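Let's take a walk through a protein structure together, starting from a single residue and working outwards. Have the model open and turn it as you read.

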Amino acid sequence: MPDQHIDLNDIQGNIVKAYGRFGYPKARYIFFQFHDVEAGRNFIRDLLPLITTGRPWCKDQPPSATTNIAFTYQGLKHLGLPTKTLHSFPEEFSMGMKARADILGDDGESSPTEWDPIWHHDKYIHMFMSINAKSLEALEERYKKIQDLLKKSSGLVTQLRGHRDGQRDDLPYQEASAIFVDGKPTPTEHFGYQDGISDPYFKGSGGNPLNVVGGGKPTRGDPATLQGWEPLETGEFILGYPDETKELPIAPVPTLLSFNGTFMVYRKLHEKVKTFHDYINNVGKDFPGGPEAVAAKMAGRWRNGAPLVLFPTREEANAFAQEYEKARELAATSAKGKKRYEELRLKRTGFNFGNDLAGSRCPMGAHIRRANPRGCLEFGIKDAFATPGALDNRRRILRRGLPYGEVTNPLSDDGEHGVIFMAIGTSIERQFEFVQQQWINYGNDFKLSNQKDPLLGNHDGKDMFMIEGGSPDNPPFFCPEIPRFVTTRGGEYFFVPGLTAIRMIADNLIDPT
Amino acid sequence: MSNIAGKSYAMTVITPIPKIWAWVNLLKFWYSKNIRKKKSFGLQTLSLIHYARWVIIRPSQFPRLSSNQPKEDLHYAYMLFFSNFNGSWSQYVDSFHMAIPKGLDRIWKHNFKYPKSVPLQPFHRYILHNQIWTDHYYNAYPLASSNDVKAAIALRAALLEFIKQSENMSPEEFQKAYKAFLFYNQQHIAKMHSAPVINLADQAKVERVRLIESYEKTLRDEHGKPNF
């Protein structure tokens, strides 16, 4: 089947590119409010030339900084979109993230009342902007350009304050950055895991075809090879194209408003570094393999990224990680090095759980098995479903974002450090909310009753996590009384229009009739 | 009135089917139950389902409260579909549609205006149009999913057997046997609690809190000690 052609010039760049992996380790997230329809429209018209599209960078010089924007339901309302159009947006989007707290499990210390001050008011945030940059200087330069445009509105468009950084709680933006070690950006987050290894791969995305392995939808072929995977349908991630149900996804009207657009979830997730390390150290005293093995069993990967399914022991995982890092460095200099690097890359993504049905390598409840089941919901029953990914192909999300803050004191949970997590897909309810509710904070689909994702679940200190055993002398191990390691500190749902749609909004050309 | 009780959802769908095709379906159902006996693996692997049942109701079988009640003049026979499952309406319908689209089409294809199971939105509309809302729904184990019940039954039987077997074991033998018992039953061990919120209706939220509280009470006796 020919690849789906999609107009990458009309699609915002953050949908098809995880900038962090393209050499943009610095980011700033900014939120705006419109006080006047015309001023709002003028501001976004002025922004248009700065917006980064999905156009491949092999053809032209990559910019030193990127800019993307997205709108809340309230934002679209304040830009004067017709009522009929507003009503055609999905319910979860118009409600906004705070109103969905019961579904998302944002309770206790994750409750909206505990979020950064910017999220405290209702109907407050209208527009999101992300700047990603190769360097801090490039970031500042782009930020200044935006400030100049903002000044033109004479206060009728305001930049909202209220982000916390540990000292202050009224900062005008959320800063984020890859964690640097020896002056080099790393793909790790604050718990020390390599993050963002398998991102969905879809038709027309223009990404490296090797990313289909582990990132596409499973076929019945060998998961270690390209034959084991197919690209997901474009309509799972971009409106206006067929999705996995062989139809166009439900989208707001008129068609030109939604075409090449999508929805995005923004979440600020605080990581309790001390709680995490205390827990793996304590439990690791009793678990064979120690704290590092507990951390690996919770995630389904060793912290260096090696998947448990292919690398069951720490020695194998470490040897692989060293070889992988070496190959990554050599890849830039020789063709042979590049080939070796690509082979090794597949070892991080080219697997499923077909040879580990009982979870003796990767626990049934481990994070990666929940968030991307890779066809394991067939439970090894051959050909049970029309396709092995029947229950997971429609639940995939493009993950974007970067860590924020620094861990200055590993002996404390306080301070500001975590992950700015963004999830992109054509249905927030079917994709992000479903995964968060049914797979992260619940376990029935995995036959795990109410067991939650050990890392991301909204634990209350009473949950347990079972690490399945492998033989009668190696029984299951129960990690008791899991505390909450990650808490929500803010977030909202956004619509990410295509470039044509942004122009139409700016020129007041949206007519749904 | 709700289709939801505890972790379960009850779905009733009644669809008209031309009388002649109703007979054909009756034969097909009879054949697959009595002759073919092939297990429907797809349906059984969808572990969110308690059960699903299809029944043909012929026009003459429609109940009357008494012989005084006039007979209805029905142009179609009807197919009753009844299922209980865990999860939301769309999770269930979408799972069916993605996992066993051909099986659904085989059963429903002669029904009046059945659109086929793929694409999804016409199928959604068909089910919703023909769904009968549940008036009363009793659930004996509101905090248990079908997987939880199955696991509990298996674990209970295994545990009783283990107790019997282990009565006269030495401590060393017991430790070995207990480890093996845990290993062979690990897939049945998990911690049960309330369902996630399926529905943001206030009534559903209040009911959920009530269930959690009554369940937590059963875990402790009147002195606050664990009660097993």
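## Starting from one glutamine

Leaving aside residues up to four places away in sequence, A:Gln438 touches A:Gly443, B:Gln91 and B:Pro196. Keep in mind as you look around that this is a predicted model.

So where does this glutamine sit? A:Gln438 belongs to helix α15 of chain A, which covers residues 429-440. Is A:Gln438 buried or exposed? Its relative accessibility is 6%, and since buried means under 20%, A:Gln438 counts as buried. There's also a link to the residue next door: the side chains of A:Gln438 and A:Gln437 are joined by a polar contact of 3.5 Å.

Now let's look at the empty spaces. Rolling a probe the size of a water molecule over the atoms shows where empty space is left. How many cavities of 30 Å³ or more does the structure hold? There are five of them.

Let's take the second largest cavity before the largest, as our glutamine helps to line it. Its volume is about 60 Å³. Besides A:Gln438, the lining includes A:Tyr442, A:Asn444 and A:Asp445 from chain A, and B:Lys7, B:Asn86, B:Gln91 and B:Pro196 from chain B. You've already met B:Gln91 and B:Pro196, as contacts of A:Gln438. Sorted by class, this lining has four nonpolar, five polar and two charged residues.

On to the largest cavity, with a volume of about 170 Å³. It has 17 lining residues, and those nearest its centre are A:Leu391, A:Arg395, A:Asp445, B:Gln91 and B:Ser95. Notice that A:Asp445 and B:Gln91 also appear in the lining of the second largest cavity. The classes here are seven nonpolar, five polar and five charged. Helix α15 of chain A and helix α3 (89-99) of chain B each give at least two residues to this lining. Which element supplies the largest share? That's α3(B), with five residues.

Helix α3(B) deserves a closer look. Of its 11 residues, 10 are buried, so this helix is largely enclosed by the rest of the structure. Among the buried ones are B:Gln91 and B:Ser95, along with B:Trp89, B:Tyr92 and B:Phe96.

Finally, step back and view chain B as a whole. The domain assignment splits it into domain 1 (4-132) and domain 2 (146-188). Taken over C-alpha atoms, the centres of these two domains of chain B are 39 Å apart.

How values were computed:
Residues are numbered from 1 along each chain as its sequence is written. Chains are lettered from A and ligands numbered from 1 in the order in which they are written. This is a predicted model: local features need pLDDT of at least 70, side-chain atom pairs count only at pLDDT 80 or more; totals for chains, interfaces and linings use all residues. Side-chain values use heavy atoms; hydrogens and water are left out. Domain bounds come from an automatic or database domain assignment. Helices (H or I, at least four residues) and strands (E, at least two) are DSSP runs, numbered from the N terminus. Buried means under 20% relative accessible area, exposed over 50%, partly exposed in between (1.4 Å probe, protein chains only). A polar contact is a pair of N or O atoms within 3.5 Å; within protein, one must be able to donate a hydrogen and the other to accept it, and residues adjacent in sequence count only if both atoms are side-chain atoms. Contact means heavy atoms within 4.5 Å. On a 1 Å grid over the protein atoms alone, a cavity is a set of points where a 1.4 Å probe fits but cannot get out, and a pocket is an open set with protein on both sides within 12 Å along at least five of seven lines; lining residues have an atom within 4 Å of a point. Grid points are joined across faces, edges and corners, and a volume is the space filled by probe spheres set on the points. Ala, Val, Leu, Ile, Met, Phe, Trp, Tyr, Cys and Pro count as nonpolar, Asp, Glu, Lys and Arg as charged, and the others, Gly among them, as polar.
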